[in-house]
Amino acid sequence: MKLYCLSGHPTLPCNVLKFKSTTIMLDCGLDTTSVLNFLPLPLVHSPRLSKLPGWVSKDGTINLEKELKECAGRVFVDAQPEFCLPERELLDLSTIDVILISNYHCMMALPYITEHTGFTGTVYATEPTLQIGRLLMEELVNFMERVPKAQSATSWKNKEIQRMLPGPLKDAVDKELFGAVQVSPLSSGYSLGSSNWIIQSHHEKVSYVSGSSLLTTHPQPMDQSSLKNSDVLILTGLTQMPTANPDGMLGEFCSNLAMTIRAGGNVLVPCYSSGVIYDLLECLYQFIESANLGTTPFYFISPIANSSLEFSQIFAEWLCHNKQTKVYLPEPPFPHAELIQTNKLKHYPSIHGDFSSEFRQPCVVFTGHPSLRFGDVVHFMELWGKSSLNTIIFTEPDFSYLDALAPYQPLAMKCVYCPIDTRLNFHQVSKLLKEVQPLHVVCPEQYTQPPLTQSHRSDLMLELQPPPMPYRRCSVLNLPFRRRYERIYILPELANSLVPSEIKPGVSVATVSALLHSKDNKHTLQSVPKPPPMPPSKKRKRVIEEPPVALAPKPMLSGAVALEAFLATLQKHGITEVKVEETADGHILHLQAEDTLIQLEEDGTHIVCDSEPLRTTLRDLVLRFLQKL
């Protein structure tokens with residue numbers, strides 16, 4: 001069994017497992033953190049961005065003024081943002097049989113695999129994951145296509161030039177725009193339709209745990225018990241904010257939002273169009289009246305805003321029990337339905353059209369993209385960034401908020417960082433692993449050491465016995481896993497021909513001569529076909545040759561030769577001078593007068609003797625202690 005790691009991002013994984021002649025891709029995450037190296041894509045012309053100076057190296061030898069721009073001491077690429085794809089050279093991706101998707105954030109690189117590698121396999125995901133993932137892909141394409149860049153930037157990627165650039169550009173990774181096992185999804189508790197996967201044969205079990213949560217939010221709770229008795233557990237997608245309590249962050253989010261609105265300012269919440277936004281809206285639903293925010297407009301702006309809000313209401317079977325029961329009352333599972341009905345929450349596909357005529361301030365705007373590099377959020381950063389009355393509240397944990405804000409500096413608006421990450425933390429996952437007790441744990445190397453900025457925090461890493469097997473991008477692991485058994489089926493007519501012999505009470509065995517037929521990883525024992533009759537020969541023969549008769553197989557022997565009883569039997573037959581020597585595998589008997597050796601071992605008996613009559617006699621004495629099958 002081998003594991004290939006194609007992604008270096010622990011919460012946007014892409015791994016390939018080779019197991020029982022099946023090649024399985026586990027998630028297909030697209031690392032979007034690379035877009036932080038690029039300038040934002042404004043929806044309307046930005047004089048500020050267009051006037052940024054080009055970058056020239058200090059010694060003047062490298063001039064990339066058209067491709068690179070400087071802003072507040074940082075250097076950015078002025079081109080269409082590019083993403084970091086899963087590694088494609090480590091193995092032939094056209095050989096992948098199956099792709100398993102754990103949640104809609106971990107499938108954004110899927111088109112690169114399905115459309116450009118010769119992939120002809122099957123993709124498995126739950127219905128909500130499939131539908132919401134499709135929406136997020138369409139949104140990303142929409143963000144890019146509506147603000148096309150005339151020029152592309154390639155010179156800065158030249159290896160000789162790149163190593164001369166300031167960080168983090170110099171460290172940027174190359175970017176570019178079946179019968180064998182059963183697979184079963186388990187609820188992971190993280191997002192709508194998110195799942196962990198069990199991959200098992202008749203005798204082996206591999207669990208893939210990615211993006212899981214034990215907190216009580218809107219998704220169906222995590223199924224933990226089904227992870228027990230795993231030979232290998234592949235762990236990824238833990239929280240990126242192990243020291244931030246999600247409940248505490250929600251409280252800070254609400255209080256900072258209320259303070260800004262009361263002071264006459266606007267609140268900008270850069271977020272994904274599905275996921276945490278459902279919990280934020282539910283929290284605000286309970287908070288609005290008590291905080292006297294009843295007249296404040298809330299806007300959700302995204303090309304998929306309407307679809308996202310509708311999907312959240314229709315996948316009832318993937319919601320927690322509380323929300324499932326509301327469906328049968330009937331009531332909408334999420335309170336944002338009521339916010340929309342009462343006009344407290346309005347949603348729009350973009351800032352153009354109806355929004356521009358209905359927009360009023362102060363207000364709260366939820367929009368994407370959380371990186372602040374594309375989407376409607378860029379417009380609001382340019383619009384509100386110059387006033388200290390306004391606040392931007394970061395709730396998504398995927399991007400460094402300082403890096404996200406870098407191309408907008410100097411910035412007057414207030415910034416609040418309230419990352420809400422409900423995924424498992426190190427304490428929770430350690431407790432989970434003690435309960436499910438897998439034989440081996442495999443995880444990203446980032447989880448086996450404390451964070452660089454908190455090297456003293458040994459509680460922010462996985463400490464297990466035996467230690468987990470770490471992996472990094474482009475690594476290939478040979479998993480400590482040996483397949484010992486395979487299930488074989490026997491045809492009824494062959495089974496009827498067997499003659500079992502009882503070797504001890506309740507245990508019978510039988511010998512079998514059969515043909516092993518293997519197809520699609522299923523193995524069947526079939527009767528040995530009889531040889532076809534020989535065709536009559538035209539030539540005359542003096543003697544008609546009969547086909548050779550198949551000889552019956554020799555009987556197999558089972559049992560053990562008891563030393564004391566065997567010595568007593570030898571004595572009865574006149575063999576008295578026997579020297580016994582103990583060995584690692586049994587005993588050696590030296591019959592001194594007869595100059596003969598008998599080796600008694602667990603899996604065989606050897607008689608070394610010059611006299612054939614004596615050897616035959618000794619053989620028969622040994623056979624008395626064994627059972628013929």
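**A four-stranded sheet and a helix pair**

L600 stands opposite T605 of β30. The model is predicted, with pLDDT of at least 70 required for local features and 80 or more for side-chain atom pairs, while totals for chains, interfaces and linings use all residues. Residues are numbered from 1 along each chain as its sequence is written, and side-chain values use heavy atoms, without hydrogens and water.

Strand β29 (residues 596-601) runs antiparallel to β30 and is joined to it by 5 bridges (strands pair if DSSP finds at least two bridges between them; strands are DSSP runs of E, at least two residues, and helices of H or I, at least four, numbered from the N terminus). An open, antiparallel sheet of 4 strands results, in the order β27-β28-β29-β30. Since β27 (578-582) and β30 (604-608) each have a single partner strand, they stand at the edges, so one side of each lacks a neighbour in the sheet. From one strand to the next, the twist averages 15° (angles run from 0 to 180 degrees between N-to-C directions, with axes fitted to C-alpha atoms, for helices over the stretch in contact).

Helix α15 (residues 563-572) packs on this sheet, touching β27, β28 (586-591) and β29, at about 15° to the direction of β28 (contact means heavy atoms within 4.5 Å). Helix α16 (residues 612-623) lies across β28, β29 and β30, at about 160° to β30.

Elsewhere, α5 (residues 246-262) and α6 (residues 276-287) pack at about 60°, with axes 11 Å apart. The contact includes L250 and F253 of α5 and L280 and F287 of α6.
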